[in-house]
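Student: Could you walk me through this structure? I'd like to start with the metal sites and then jump around a bit.

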Amino acid sequence: MVNYRLARSVNKWLDIIPPALYPPRCRLCDDPGADGLDLCRGCRADLPWNTPCCPHCALPGDGALPCPCRQSPLPFRAAVVPLRYEGPAERLITAFKFHGRLADGQLLGALLADAVRRDAAPLPAAVVPVPLHARRLRQRGFDQTAELARAVRRRLPPLPLCRALRRRDADARQATRSAR
Ligand SMILES: [Zn+2]
Ligand SMILES: [Zn+2]
């Protein structure tokens, strides 16, 4: 818990320290990062990008068959899912969520922000993190969606952070659930 607190305050310092003072390093291979990310060009090219995918629900598919989401209207305009949960993306997510490597979460949030900027015109009006249940927060020591929201907002034009949601039930862990 103490380490998470320390890492969180380091993350806050990173918001104000000029990037020239902490040159980016690839989180996957430790080479110098590129494009202001802690990710080198080679590892970026090797990430399991979610393309092609449905432009509405982001389910992987090349569009040859109509996506199942076409059968019932979606309750949102579009889902943006830049990466598939496999290979190096799965390693980054696992390290972030279950081993508290907040820098991996910052990288994932930056990649999400870039995908939102590219695919979600017009930009959303606000960032609304889905909070962790209080019990899970005590176990984990940090709220991963709050950390992702910080990274998304750092890389996009100023967007208000809207803490409008409260989680009532501690659901089963996402990692233990089926894709459906
Ligand atoms: Zn690399
Ligand atoms: Zn779809």
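Tutor: Gladly, and please keep in mind throughout that this is a predicted model. A convenient place to begin is Cys29, which counts as partly exposed because its relative accessibility is 34%.

Student: Which residues coordinate the zinc ion (ligand 1)?

Tutor: The zinc ion (ligand 1) is held by the SG atoms of Cys26, Cys29, Cys40 and Cys43, at 2.3 Å. Along the sequence, these donor residues follow the spacing C-x2-C-x10-C-x2-C.

Student: What's the geometry at the zinc ion (ligand 1)?

Tutor: The site is tetrahedral, with angles of 103 to 117 degrees among the 4 donor atoms. For reference, the ideal angle for four tetrahedral donors is 109.5 degrees.

Student: You said Cys29 is partly exposed. What about Cys26, buried or exposed?

Tutor: Cys26 counts as buried, because its relative accessibility is 3% and the cut-off for buried is under 20%. Cys40, another donor to the zinc ion (ligand 1), is also in the buried class, since its relative accessibility is 9%.

Student: OK, next metal. What coordinates the zinc ion (ligand 2)?

Tutor: Here the donors are the SG atoms of Cys54, Cys57, Cys67 and Cys69, at 2.2 to 2.3 Å from the zinc ion (ligand 2). The site is tetrahedral, with angles of 103 to 114 degrees among its 4 donor atoms, and the donor residues are spaced C-x2-C-x9-C-x1-C in sequence.

Student: Where do Cys57 and Cys67 sit in the chain?

Tutor: Both lie in the loop between α2 (41-46) and α3 (87-99), and the pair, 10 residues apart, links distant parts of the chain. Cys67 itself is buried, because its relative accessible area is 14%.

Student: With that many cysteines around, how many disulfides are there?

Tutor: A search of the whole structure finds 0 disulfides. Cys53, for instance, is in no disulfide, and the nearest cysteine sulfur, that of Cys54, is 7.0 Å away, whereas a disulfide would need the two sulfur atoms to be within 2.5 Å.

Student: And is Cys53 buried or partly exposed?

Tutor: Cys53 counts as partly exposed, because its relative accessibility is 27%.

Student: Changing topic, which helix is Leu102 in?

Tutor: Leu102 belongs to helix α4, which covers residues 102-119. Leu102 is buried, because its relative accessibility is 3%.

Student: What separates Leu102 from Leu92?

Tutor: The two residues are 10 residues apart along the chain, and their C-alpha atoms are separated by 9.9 Å.

Methods
Residues numbered from 1 in each chain as written. Chains lettered and ligands numbered in written order. Predicted model: local features only at pLDDT ≥ 70, side-chain atom pairs only at ≥ 80, totals over all residues. Heavy atoms only, no water. Donors = N, O, S within 2.8 Å, 3.2 Å for Na, K, Ca; no water. Tetrahedral: all angles 85-135°; square planar, octahedral: opposite > 155°, others 65-115°. Buried < 20%, exposed > 50% of the residue type's maximum accessible area, 1.4 Å probe, protein only. Helix = DSSP H or I, 4+ residues; strand = E, 2+ residues; numbered from the N terminus.
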